[in-house]
Amino acid sequence: NYDLFKLACRVSAKRLFPNFSFLDAPFNKSYYKEGHPETEVAYMGCRTRVLGNTFDKNNEITYGRGNLSFTSINLPRIAINSKGNIEWFFEELERKMELVTKQLLDRFQIQASKTVRNFPFLMGQGIWIGSDKLSTDDKIGEVLKHGTLSVGFIGLAEALVALTGSHHGQTVESRNLGLEIVGFMRDYLDRLSKEKQLNFTLLATPAEGLSGRFLRIDRKKYGVIPGVTDRDYYTNGFHIPVYFPLSAYEKIQIEAPYHALTNAGHITYIELDGDPNKNLEAFEKVIRTMKESGIGYGSINHPVDRDPVCGYNGIIDDECPGCGRKEKDGPIKFDRIRRITGYLVGTLDRFNDAKRAEVADRVKHNV
Ligand SMILES: [Zn+2]
């Protein structure tokens, strides 16, 4: 299937999709049974992943289930409040994990009290595991246990700066501490899953709205803290900040171990300069490096511009290479397609300020 892989690279280099799911990553491969496509990992576009099943080990599959709800923890806030006391940070993080998982359970109880009648497609048509054996007025609580309850997190990078003065792209100490923090959250959820016989999982939150919202609340409360609240957004999940320069290889090496820990979903992005159609070898090299490094889900960002007047597709600076027109010459603007938390947007005008600031800050990663 090497020809198909090459074709996928070519399409993605032109259109930003497909993304790449790595079925060979150890934490995905361990579920895979030959001849059973339902045991293959399938990521949702934005990154969410449902595969393991503590409630029913015979149904560790992708089909017929999904995420029931998720709630995200503001890591930078806990780190700011800890005033550099790492022991207190972990104690407070545990308290927040307790709070969030209680809230997820509360919400689950409400969902569990519904009947098949409330979900005529999902349950009524037997899409969800076990729902085919239920009648219209049966409660869905028992079959819902196949779903996942996820705790997400945001701003590992800013939390590390608040704790140690550097993020995980900058020092080995912060790299280790970052893994310790995210590993702590995962252990907590694994323990709780066993105890409750439910699926509590850990998510590197996509945070299209939250990255700006948490930041605004914290800046009001704590003021501008360099490297923590001095931009208009918190960095997503475990990502290295978009403005920090490092090579594609380094970024992949630093982020890969977090993929193994975040069993509810994860993604690593690499930003390539120029038109990757003209350098498909570099594109393929990045995808292969992801595969070799234990990335679960990855994608390459690059600028895709389009002139709606003449249909030219590629990189457009001031002047369209297709027809020579300039944006300021007329009312019709060039489309500038960018990826924001998994989704493609045709123009940045319509997106929120925090994400626009994040896009403007992105630096390219050398191959
Ligand atoms: Zn044109």
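What volume does the second largest pocket have? It comes to about 300 Å³, while the largest pocket holds about 380 Å³ of space. Keep in mind that this is a predicted model. Besides the two pockets, there's a zinc ion to look at, held by Asp 307, Cys 310, Cys 320 and Cys 323.

**Zinc site**

- Four protein atoms serve as donors to the zinc ion: an OD oxygen from Asp 307 plus the SG atoms of Cys 310, Cys 320 and Cys 323.
- These donors sit 2.0 to 2.4 Å from the zinc ion.
- The geometry comes out as tetrahedral, with angles of 102 to 114° among the four donor atoms. For reference, the ideal angle for four tetrahedral donors is 109.5 degrees.
- If you want to pick the donors out of the sequence, look for the spacing D-x2-C-x9-C-x2-C.
- Cys 310 belongs to the loop between strand 7 (304-306) and strand 8 (313-314), and Cys 320 to the loop between strand 8 and strand 9 (335-340), so this pair ties together parts that are 10 residues apart in sequence.

**Exposure of two zinc donors**

- Cys 310 has 36% relative accessibility, so it counts as partly exposed.
- Cys 320 is buried, because its relative accessible area is just 1% and the cut-off for buried is under 20%.

**Largest pocket**

- The lining of the largest pocket takes in 22 residues, and the ones closest to its centre are Tyr 31, Thr 54, Arg 186, Asp 190 and Asn 263.
- Helix 7 (172-196), strand 4 (199-204) and helix 9 (248-261) are the elements that put two or more residues into this lining.
- Helix 7 has the largest share there, with four residues.
- By residue type, the lining of the largest pocket splits into 10 polar, six charged and six nonpolar.

**Second largest pocket**

- There are 13 residues around the second largest pocket, and nearest its centre you'll find Phe 5, Phe 20, Ser 21, Phe 22 and Ile 287.
- At least two lining residues each come from helix 1 (2-15), strand 1 (20-21) and helix 10 (280-293).
- Helix 10 gives the most to this lining, namely four residues.
- Sorted by type, the lining of the second largest pocket has seven nonpolar, four charged and two polar residues.

Methods:
Residues are numbered from 1 along each chain as its sequence is written. This is a predicted model: local features need pLDDT of at least 70, side-chain atom pairs count only at pLDDT 80 or more; totals for chains, interfaces and linings use all residues. Side-chain values use heavy atoms; hydrogens and water are left out. Donors are N, O and S atoms within 2.8 Å of the metal (3.2 Å for Na, K and Ca); water is not among the atoms, so sites may look incomplete. Four donors count as tetrahedral if all angles lie between 85 and 135 degrees; four count as square planar and six as octahedral if opposite donors are over 155 degrees apart and all others between 65 and 115; anything else is irregular. Buried means under 20% relative accessible area, exposed over 50%, partly exposed in between (1.4 Å probe, protein chains only). On a 1 Å grid over the protein atoms alone, a cavity is a set of points where a 1.4 Å probe fits but cannot get out, and a pocket is an open set with protein on both sides within 12 Å along at least five of seven lines; lining residues have an atom within 4 Å of a point. Grid points are joined across faces, edges and corners, and a volume is the space filled by probe spheres set on the points. Ala, Val, Leu, Ile, Met, Phe, Trp, Tyr, Cys and Pro count as nonpolar, Asp, Glu, Lys and Arg as charged, and the others, Gly among them, as polar.
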